[in-house]
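Colleague: I have a new structure open and would like to learn how to read it. Could you walk me through a few features?

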Amino acid sequence: MTRNVSAMPTLAQIARLAGVSVPTASRVVNGRENVAPATRLRVEEVIRRTGYVRRPRADEVGAQPLVDVLVPNLDSPWCGEILRGVEEAASETGLGIVLSGRLRLNRSGSPGGGWFDGHRARGTSGVLFVHAELTPTQHLWMSRRRIPSVMVAPSAEPPRGMPVVTAANRSGGGSAAEHLLALGHRRIAVIGGRQRLLCSTQRLAGFRAALDAGGVRHRGEYVRRITLKPGSTEQVTEELLALPEPPTAVFVCADEMAVDVMRVAARRGLRVPRDLSVVGFDDIPGARWTTPELTTVHQPIAEMAAVGMRALAGVMYGRPPDTQHTELPTRLVNRATTAPPPPLPSH
């Protein structure tokens, strides 16, 4: 349902209901300092109760309102695709972009540093979180200030009520398993991301469901998760390939990790795909540069970012999305790292 922007409360009305001046209400809305804690809480309660959303100022409208785009890190192979989608949608919606780094908390546990301090200084009109996790403290800080926000591919369960754009991770993991099963593999391992990573958990769930549907017994020794420790993917790959009955195929929940798996296989004298089939996930540009080219599950990273930006523009101007969760389809891209399993040794 689309909200009537003209019926939404104004800043002057917020100030009157809270019993403060308009400049004081403005400082609270824009995250400025120099407001007594009790006064700030009173204004924030009125904001919450009335559903007030900060509108871009007149000077912002004339000079292209800015939104923060928060990415995990600039070195990520995702970054170029994210910016491509963001730029396309920003051009359509008339928004300017400020690229920001990770969230962090200060020692007291309240938002501080990074994007939060930058938002206070810039007064940007909204924020697009990409592959991020909001703590309860951070979400409360955002909610009290009614900062329009959307999450793309959140790394953990998103806060309730926040618009989210994701890829179909579960069906993507299932398509990887189905592809390997169709080639004749039965000893299929999977390497997932760190334990709490939402997308990896969903991909593993889809992978396991497809194995069950294909009548293949789930083998616990064939499931590995990496940690944040450097070299973790290579370590778990070595463990899998050293098993008494090693896998003939590996589904890896990210392309970057799949490259590490191929590197370990080559080091052990195994040929991909003749001795070991490998399937990745993401279809980052580098997936075409591996030797052989990586079979992977494509997720529409640029399109996800563009859809998220359009949703953010709608929230900013009082047109929230029809659904809180938009899921975009994935598809298997069959290149050159998968083949039927090697023949069993003769006795």
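Modeller: Let's take a sheet, the helices on it, a helix pair and one residue, bearing in mind that this is a predicted model.

Colleague: Let's start with the sheet. In what order do the strands of the six-stranded open sheet come?

Modeller: The general idea is that strands of a sheet pair through backbone hydrogen bonds, either parallel or antiparallel. Here the order is 7-6-8-9-10-12, and the pairing is mixed. Strand 7 and strand 12 (331-333) sit at the edges with a single partner strand each, so one side of each has no neighbour in the sheet. On average, neighbouring strands are turned by 20 degrees against each other, ignoring direction.

Colleague: How many bridges join strand 8 to strand 9?

Modeller: Three, and these two strands run parallel. For an example you can click on, take Phe251, whose bridge partner in strand 9 is Val279.

Colleague: And which strands does helix 9 touch?

Modeller: Helix 9 (residues 198-213) packs on the sheet against strand 6, strand 7, strand 8 and strand 9, and its direction makes about 165 degrees with that of strand 6. Helix 11 lies across strand 6, strand 8, strand 9 and strand 10, at about 160 degrees to strand 9.

Colleague: Now helix 10. Which of its residues are buried?

Modeller: First the general idea: an α-helix has 3.6 residues a turn, so residues three or four places apart point the same way. In helix 10 (residues 232-241), the buried ones are Ser232, Thr233, Val236, Thr237, Leu240 and Leu241. Down the helix axis they fall within an arc of 160 degrees, so they line one face of helix 10. Their cover includes strand 6, strand 7 and helix 11.

Colleague: How do helix 5 and helix 12 cross?

Modeller: Two packed helices are described by the angle between their axes and the distance between the axes. For helix 5 (residues 79-93) and helix 12 (residues 301-316), the axes come within 7 Å and cross at roughly 35 degrees. The crossing is right-handed. Among the residues that meet there are Ile82, Val86 and Ala89 in helix 5, and Ala302, Met309 and Arg310 in helix 12. By class, this contact has 10 nonpolar, two polar and five charged residues.

Colleague: One last residue: is Thr39 buried or exposed?

Modeller: The cut-off for buried is under 20% relative accessible area. Thr39 has 17% relative accessibility, so Thr39 counts as buried. You'll find Thr39 in helix 3 (residues 37-50). Leaving aside neighbours within four places in sequence, Thr39 is in contact with Val20 and Thr24.

Note on methods:
Residues numbered from 1 in each chain as written. Predicted model: local features only at pLDDT ≥ 70, side-chain atom pairs only at ≥ 80, totals over all residues. Heavy atoms only, no water. Buried < 20%, exposed > 50% of the residue type's maximum accessible area, 1.4 Å probe, protein only. Helix = DSSP H or I, 4+ residues; strand = E, 2+ residues; numbered from the N terminus. Arc of directions from axis to C-beta. Contact = heavy atoms within 4.5 Å. Pairing = 2+ DSSP bridges. Axes fitted to C-alpha atoms, helices over the stretch in contact; angles between N-to-C directions. Left-handed = near helix turned anticlockwise from the far one by under 90°. Nonpolar A, V, L, I, M, F, W, Y, C, P; charged D, E, K, R; others polar.
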